[in-house]
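Work through the exercises below with the structure open beside you. Try each task before you read its solution.

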Amino acid sequence: MSLSEATDSLKVASLKGVGAKTLERLGKLNLHKVHDLLFHLPSRYENRTALMPLGSVRPGDQALVEGQVELTEVIARARRSLVCRISDGTGFLYLRFFHFSGDQLSRLKPGARLRCFGEAREGYYGTEMVHPDYQHIADEDAGNVDQSLTPVYPSTEGLHQKTLRSLVERALDLCLENSGILHEWIPEEQLSALGFPTLFDSVRLLHQPPAGAAAELLGQAQQRLAFEELLAHHLSVSRFRNHMRQQAAPVLRLPDPVSKQFLDSLPFALTGAQNRVIQEIATDLAAAKPMMRLVQGDVGSGKTVVAAWAALAALSSDSQVAFMAPTELLAEQHYRSFSHWLEPLGVQVAYLAGKHKGQIRRETLEAIADGRAGAVLGTHALFQEEVKFHRLGLVIIDEQHRFGVHQRLALREKGVRDGQYPHQLIMTATPIPRTLAMLGYADLDVSVIDELPPGRNPVKTSVIPSTRRSEVIGRIDDWVKGRRQVYWVCTLIEESEVLEREAAENTAIALAGALPKVRIGLVHGRMKPVEKEEVMDSFKSGSVDLLVATTVIEVGMDVPNAGLMVIENPERLGLAQLHQLRGRVGRGPGDSFCVLMYQPPLTPGAKERLGILRETSDGFVIAEKDLELRGPGELLGIRQTGQVQFRVADLARDGELLDQVKATAEILLDSHPDAVEPLLKRWLADGVRYAEV
Ligand code: ADP
Ligand code: MG
């Protein structure tokens, strides 16, 4: 074991003075190793480097002061408190404590010298500080203040700032004794080309910035850390990608006559973009290496039929296909499309539904296991242990952002057979900003369907307050008289399906009262799948005019005659989600409308966000803004898995570093492979690493 390995794994428990309690609290902050502690950066700093004369302290000032105790009293008026007056010759200041110990009281004797830090306010007797941070100091230390700013760390209950500060100090001392901790893994050449300070210097600066340190300097130090963190993530993905490139996969080809037969059976001609993407997929599938392709296409761009083509290629080459969708509703819909398209070509399509139990389920599992079922559709239930494929050659995942990176990889592992990996096709309507693409999706090649089928018009979006509700309801009436259908989407801020259901139910009742001639259906996440299906089918067939729904309809619903959507409380949703919802309309001929009906007053931020939707239907622009406004977790689908989290890096802030990160990663992989593993160990928690390759 090399020195650096040994020290990078040094535990916080090895620091002097860390007992069981402290260890537990540090654990809550995910601080297990010494370098975790060093990467736990202050959220802000307090300036305790200069004393303020007492005479000049004004209410509202945050100040470091020093003085001698003149008198101390316990006052019982209103609320019992300890009041202590200190003076420094320029004026007085009162210190007030509502909680205090006998020991504290007895030490605040007249003549005692104190140094206090706190915020001054107007008190009963004059300017005072309530519960200041204070310490007794010896006369000879008077005026001898800190040289560096005081860090304030994110903490947890029971873990005091003082404890964190002194632990970090000890950790920094340890680095000086032992250069193995925070060892510099980025070669000097690269470091100076990038203009970055060393890791150690950056860390020390961030924990102990000198008085007057420029914000720019601190920013640079933070970037230095973010850079290394992003580098570690990038290395992890690149290494995984390189590993996968060396694996074997079955060769899948779709014979021209079958392809033609399939395409001729469709009621439409493919768009140029669909054709191009199919070619890209065909090339991948015909190579004996696993395809790892992401197909990105805005809502309604026609990804499903592209997936069906790929599925047919696998099926024609004696392989099975697994198609995973994020919800039962969507899986069912794909099941119907696939059955409709593929069964005439002699393919057995199976649906592994959550609702199927007993006999049906057993039979489906058998058909999957013995290979009779060629295409298998389902939700993440397809991962389950009991699902065994006979010869899985292609895995298709729809709406990837709903799944974690790790779920995706797990399904790939599931299909490994005789050393061959299945090909993987991922489809998403959420355009992935370039910054994210380079990390969470860097193991994928990307195809873009950048063209909508002909005859689609952009959805006209308006943003109006709920005070104009009756006007909106009137518009629905007109709309339905024109024989077109409407969605009404109810949203709630809390992730509570129960509350959301109530809101939808109440809305449906109210709308039924206001629109007696309109046939109203209701669908929400708490309904049984059969009930949901029934309502959706009625809406599809046109026997329901107005569908009141929760956000369950977000993905996949495809009813071209529905051209008006009202979204209640859109200010509560993210932009990408709203864009998805809005994508349910604008699927047929004629104009389509989306009414974003907010609850006034709107915050300036919400106003800006809704304005973006009104102005653009470009999914890329929307996704970039979403990232900027909400952070990457949501988009990457890591909310659910709660795993990939950056400690220091912030993609919205540090995204511009990614080109350099990529270049540096290549240099390390080529010329300094020894640095890779230690960097991954340092930055990536065990569960986050792409794969042990
Ligand atoms: P998404 O990319 O959002 O998943 P879908 O695959 O659900 O889109 O396609 C939306 C609708 O457009 C479906 O009804 C589909 O049959 C239809 N569609 C797909 N491709 C074309 C095309 N080239 N021309 C006309 N309609 C198409
Ligand atoms: Mg789709």
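The exercises move from the whole chain to a helix, a ligand and three single residues.

**Exercise 1. Get an overview of the protein chain.**

Task: State how many helices and strands the protein chain has, and what share of its residues is buried.

Solution. Start with the status of the model: it is predicted. Next, count the elements. The protein chain holds 26 helices and 21 strands. Then turn to burial. Of the 693 residues, 53% are buried. Now look at the surface. The protein chain exposes about 30,700 Å², and carbon and sulfur atoms supply 50% of that area. Finish with the contacts. Take those between residues at least 6 apart in sequence: 76% of them join residues at least 24 apart.

**Exercise 2. Check the length and surroundings of helix 12.**

Task: Compare the expected span of helix 12 with the distance between its end C-alpha atoms, then decide how far the rest of the structure encloses the helix.

Solution. First, the length. Helix 12 covers residues 328-342, which is 15 residues. The expected span takes 1.5 Å times one less than the number of residues. That gives 21 Å for helix 12. The end C-alpha atoms are 20 Å apart, so the two values agree.

Second, the burial. A residue counts as buried under 20% relative accessible area. The buried residues of helix 12 include Glu-328, Leu-329, Leu-330 and Ala-331 at the start of the list, and Trp-341 and Leu-342 at its end. Phe-338 and Ser-339 are also among them. In total, eleven of the 15 residues are buried, so helix 12 is largely enclosed by the rest of the structure.

**Exercise 3. Describe the site of ligand 1.**

Task: Find which residues are closest to ligand 1, and list polar contacts made by its oxygen atoms.

Solution. Begin with the shell. It has 16 residues, and the closest are Gln-274, Gly-300, Lys-303, Thr-304 and Asp-558. Sort the shell by class: five residues are nonpolar, six polar and five charged.

Now go contact by contact. A backbone N or O atom of Gly-300 lies 2.6 Å from an oxygen atom of ligand 1. For Lys-303, a polar side-chain atom lies 2.8 Å from a ligand oxygen. For Arg-587, a side-chain N or O atom is 3.4 Å from an oxygen atom of ligand 1. Last, the cover. Ligand 1 taken alone exposes 570 Å², and the protein buries 82% of that.

**Exercise 4. Place Arg-587 and Gln-580.**

Task: Is Arg-587 buried or exposed, and what does Arg-587 touch?

Solution. Locate Arg-587: it sits in the loop between helix 19 (575-582) and strand 21 (593-598). Its relative accessibility is 15%, so it counts as buried. Beyond its sequence neighbours up to four places away, Arg-587 touches Val-299, Gly-300, Arg-456, Met-557, Asp-558 and Pro-560. A polar side-chain atom of Arg-587 also lies 2.9 Å from the backbone oxygen of Gly-583.

Now step to Gln-580, in helix 19. Gln-580 is buried, with a relative accessible area of 2%. Val-299 is 281 residues from Gln-580 in sequence, but their C-alpha atoms are 6.6 Å apart.

**Exercise 5. Trace the contacts of Arg-165.**

Task: Find which backbone oxygen the side chain of Arg-165 reaches.

Solution. Arg-165 lies in helix 5 (residues 161-177). At 14% relative accessibility, Arg-165 counts as buried. Its contacts outside the four nearest places in sequence include Glu-46, Arg-48 and Tyr-153. The C-alpha atoms of Arg-165 and Tyr-153 are separated by 8.2 Å. The side chain of Arg-165 reaches the backbone oxygen of Pro-151, at 2.8 Å.

Conventions:
Residues numbered from 1 in each chain as written. Chains lettered and ligands numbered in written order. Predicted model: local features only at pLDDT ≥ 70, side-chain atom pairs only at ≥ 80, totals over all residues. Heavy atoms only, no water. Helix = DSSP H or I, 4+ residues; strand = E, 2+ residues; numbered from the N terminus. Buried < 20%, exposed > 50% of the residue type's maximum accessible area, 1.4 Å probe, protein only. Near = heavy atom within 4 Å. Polar contact = N/O pair within 3.5 Å; in protein donor to acceptor, adjacent residues only side chain to side chain. Areas by Shrake-Rupley, 256 points an atom, 1.4 Å probe, with all protein chains shown as cover. Nonpolar A, V, L, I, M, F, W, Y, C, P; charged D, E, K, R; others polar. Contact = heavy atoms within 4.5 Å.
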